[in-house]
Each structure stands twice: as structure tokens, then as C-alpha cells.
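These are my notes from a first reading of one structure, set down in the order in which I looked things up.

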Amino acid sequence: MKDGRITMQPMTTQPMTMPPVLRIGEFPAAAQALLEERLDLFALADVDADPALRERVGAIVTRSNYAIDIALIERLPSLRLIATNGVGFERIPVDFARSRGITVTNTPDLLNAAVAELTIGLVLALLRQLPQADRFVRSGAWGRGAFALGSSLAGKRVGIVGMGRIGKELARRLAPFGVEIAYFGRTRQALPLEWFAQPAALARWADILIASCPGGRATHHLIDAAVLDALGPQGWLVNIARGSVVDEQALVRALERKTLAGAALDVFECEPLGGSPLRGFDNVVLSPHIGSATHETRLAMAQLTIDNVESFFSTGQALTPVG
Ligand code: NAP
């Protein structure tokens, strides 16, 4: 809220003043406008330049591709909330924040459809070679012969690594394509789908392996050389989870040796992707981390981020805390 507007608390607790909010990272224009309209928003440079303001910052709003470090949290004595605009929160030191009584929120569920749509787009682009087909027509090559045959999605076995909110949305939307679906996760769920206790076992079964689990230490290189080997020369890898989930060097080696049919990647170990050898393979489809990047979804995420801030400072309860 601009001008330190007071939000009334209907219950017995004291009304709380909406504190200054620190923005870390860039937001899409419409989301940024909404944040500025609804919150008393400051950039890091403003906060750095004004010690009195820094002392009063009560919340951080950020996006999941920006890291919040402990040193920053320690510089903000009034910080009570970190609201990230995204579902992944592996770049926020959640345990440290919790030890300081700071709540962390994210924006789950409302991006499931957008991420599932992108994933299915990547799968189809990979199997039907859509980027290559586009280049084929544009370059005039069509006049000199037929385009190489692609592969059908129908009848394929799809293994989902991480059957959470996004994984389930993906499974629901993939089913009408006539695929078989199975999954890996640490726990077997009450789902009418086969569960594999190891990612390599799922990869051995699957034609297409899709990573949709969280990033962070626990899933670092979960898809390693052994899993890629198990997927095999007729297998495709799709990663919309986090770059850290896939051992990228092992992936490059598998592509060089043709022990993998191809890959579609929305996320990378280092983003933005620089001079990676991944850019040189014709059987790799690349997208710049755009799983949730639609106008509708990004605006809804910004809205929920703001609602979390307002709810937390008016009722003491965040709407979608993590953990
Ligand atoms: P979620 O509901 O928490 O689901 C995560 C799933 O991963 C759960 O089924 C969980 O099952 C599994 N999992 C967690 N830790 C694991 C581990 N150590 N090993 C194996 N499986 C593990 O999360 P979500 O909302 O579906 O989001 C999933 C992830 O998608 C996010 O964290 C983010 O990294 C990624 N994402 C990417 C984009 C993009 O733009 N590309 C956009 C949004 C989200 P178990 O607990 O049974 O293991």
C-alpha cells in the first residue's frame, strides 16, 4: 500500500501498517505496475541509499529465478515476509528465514496449466521436429526434397519425474494423446498410475522422460548419466523442472554419442544459457525458462504475491506459505 496506509484488522489483534516492500528482480510490465499500485514498493538501490528505510522494510517480493541471500536478510531487521512470485523456492534460504521468524510464500497451482501447456508444446516440438520444420520451409529447402519423418506421440510411454501439482496437470493433459504414463517420486501416491522407486527404472520403461520436480540440493543431478543411459538411444528427455536436476555434461555426452534420441529443455544449469554445446544439436529444442510466461499467468502470480503480502500484514496469516 502506498503512503503507509493502515489496514484494519477485524479481530482482536492490533491493526498493522503495511510496511515498505523491497523488490528483488525484474517483473513483467503489467505485474510490476500492479505491484507498484498495491504495495509500498522500493528497489534495492533505494533501500541501500536510505538506512531508515532499510530498517523498516517488512517484506521482500521476488521471483523464483532470483536468489535471496542470508546477508540481505540480515541487513533487514524488520523483515517478516519473503513472497516469491513462482512455485520454486530453492534460491531462498527457507530454514534460515524460518529461524528468524520470517514467513516465505510462493504462488502454487495457478501456473500448472501454463507449465503443462509449454511442456506438451516441447514434447510435440521435439517429436515432430517443429523448429527444424520451420527452418526447412523458411530456407527454401522444401523445394529440394521432403522433410525427415518425425515420431508420433500416440502410443509412447511417458515417465514423469516429480508427480506433484504440475506433474498431475501434465498427466491429465497428456492422457488424451493416447500415451501410457508412469512416475517417480520419493513416495508412492494413491494414483491409478505405475510408480517406480528409482528414476533409472522409470527411464528404462519410458520413451519420454519429463522432469517436473523441484530444484535444490535434494534433486541435484537426479537425472544423471545412468538415468540417461537407461532412457537410451530411442529415448527423449524433457526438462521443465530446474537446470540443476539434469547433469548437463552427461546430457551433452549422451547427445554427442547418440545414446539419446533428443532433448527439450526449458531450464539450464546456468541461465541465461551462454555458449553451451547444447545450442549445437539439431535434436535439441531450447526455450528460455518460459514455463509460466503467459500474460494471464504472470499477472495472476503477481496478484497472489500481493494478496500474500496484504493478508500477512493484515491478518498475520499468509495465503500460500511454503513448507
Ligand atoms: P510440487 O507440487 O511440490 O511437486 C513436486 C513433486 O516432486 C512432488 O510430487 C514430489 O514428490 C517430487 N519431489 C520432491 N522432492 C523430490 C526429490 N528429492 N526426489 C524426487 N522427487 C521429488 O511442485 P510443483 O508445483 O508441481 O512444481 C514442481 C517444480 O516445477 C517447481 O519446484 C519448479 O522447480 C518447477 N517449475 C518450473 C517452471 C518453469 O518455468 N519451467 C515453472 C513452474 C515450476 P515426493 O514428495 O513424493 O518426492
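**Entry 1: two helices that cross.** I began with a pair of helices and noted that α6 and α8 make a right-handed crossing. The contact draws on N112, A113, V115, A116, E117, T119 and I120 from α6, and on R165, I166, E169, L170, R173 and L174 from α8. Sorted by class, the residues of this contact of α6 with α8 are 7 nonpolar, 2 polar and 4 charged. I then looked up the geometry, and found that the axes of α6 and α8 come within 9 Å and cross at roughly 55 degrees. With that angle, α6 counts as oblique to α8. I should record here that the model is a predicted one.

**Entry 2: the buried residues of α8.** Staying with helix α8, which covers residues 165–174, I listed its buried residues as I166, G167, E169, L170, A171 and L174. What do the buried residues of α8 pack against? I found that they pack against α6 (112–127), β8 (157–161), β9 and β11 (208–211). As a reminder to myself, an α-helix has 3.6 residues a turn, so residues three or four places apart point the same way.

**Entry 3: Y183 in strand β9.** Since β9 had come up, I went to Y183, which sits in that strand (residues 180–184). Is Y183 buried or exposed? Its relative accessible area is 1%, so I entered Y183 as buried. Setting aside residues up to four places away in sequence, I noted that Y183 touches I160, M163, R188, Q189, L191, L193, E194, W195, F196 and L202. I also checked its distance to G159, which is 24 residues away along the chain, and the C-alpha atoms of Y183 and G159 are separated by 5.2 Å.

**Entry 4: the chain as a whole.** I stepped back to take totals for the protein chain, and counted 12 helices and 14 strands in its secondary structure. The C-alpha trace spans about 70 × 45 × 35 Å along its principal axes. The chain has 323 residues, and buried residues make up 50% of them. Among contacts with a separation of 6 or more, 58% are between residues 24 or more positions apart.

**Entry 5: α1 against α12.** My next pair was helix α1 (residues 29–38) and helix α12 (residues 295–315), whose axes come within 9 Å and cross at roughly 20 degrees. That angle makes α1 roughly parallel to α12. I noted the crossing of α1 with α12 as right-handed. On the α1 side the contact is made by A30, A31, L34, L35 and R38, and on the α12 side by R298, L299, A302, Q303, I306, D307 and E310. By class, I have 7 nonpolar, 1 polar and 4 charged residues for the contact of α1 with α12.

**Entry 6: A302, taken from that contact.** I picked out A302, which lies in helix α12, and found that A302 is buried because its relative accessible area is 0%. Leaving out neighbours within four places in sequence, I found A302 in contact with A31, L34 and N85. I looked up A33 too: A302 and A33 are 269 residues apart along the chain, yet their C-alpha atoms are separated by 9.8 Å.

**Entry 7: a residue in a loop.** I wanted one position from a loop as well, and chose I68, which is found between β5 (59–63) and α4 (70–74). With 3% relative accessibility, I68 counts as buried. Apart from neighbours within four places in sequence, its contacts are I24, I60, T62, I73, I82, R91, I92 and P93. One of these, I82, is listed as a contact, and I noted that I68 and I82 are 14 residues apart in sequence and 9.0 Å apart in space, C-alpha to C-alpha.

**Entry 8: the cysteines.** How many disulfides does a search of the whole structure find? I recorded 0 disulfides. Why is C213 not bonded to C270? The sulfur of C213 is 19 Å from that of C270, its closest cysteine sulfur, and this is too far for a bond. I also compared their surroundings: C213 is buried, at 11% relative accessibility, whereas C270 is exposed, with a relative accessible area of 54%.

Definitions and conventions:
Residues are numbered from 1 along each chain as its sequence is written. This is a predicted model: local features need pLDDT of at least 70, side-chain atom pairs count only at pLDDT 80 or more; totals for chains, interfaces and linings use all residues. Side-chain values use heavy atoms; hydrogens and water are left out. A disulfide is a pair of cysteine sulfur atoms within 2.5 Å. Buried means under 20% relative accessible area, exposed over 50%, partly exposed in between (1.4 Å probe, protein chains only). Axes are lines fitted to C-alpha atoms, for helices over the stretch in contact, and angles run from 0 to 180 degrees between N-to-C directions. Helices (H or I, at least four residues) and strands (E, at least two) are DSSP runs, numbered from the N terminus. Angles under 35 degrees count as roughly parallel, over 145 as roughly antiparallel, 65 to 115 as roughly perpendicular and the rest as oblique. A crossing is left-handed if the near helix is turned anticlockwise from the far one by less than a right angle, and right-handed if clockwise. Contact means heavy atoms within 4.5 Å. Ala, Val, Leu, Ile, Met, Phe, Trp, Tyr, Cys and Pro count as nonpolar, Asp, Glu, Lys and Arg as charged, and the others, Gly among them, as polar.
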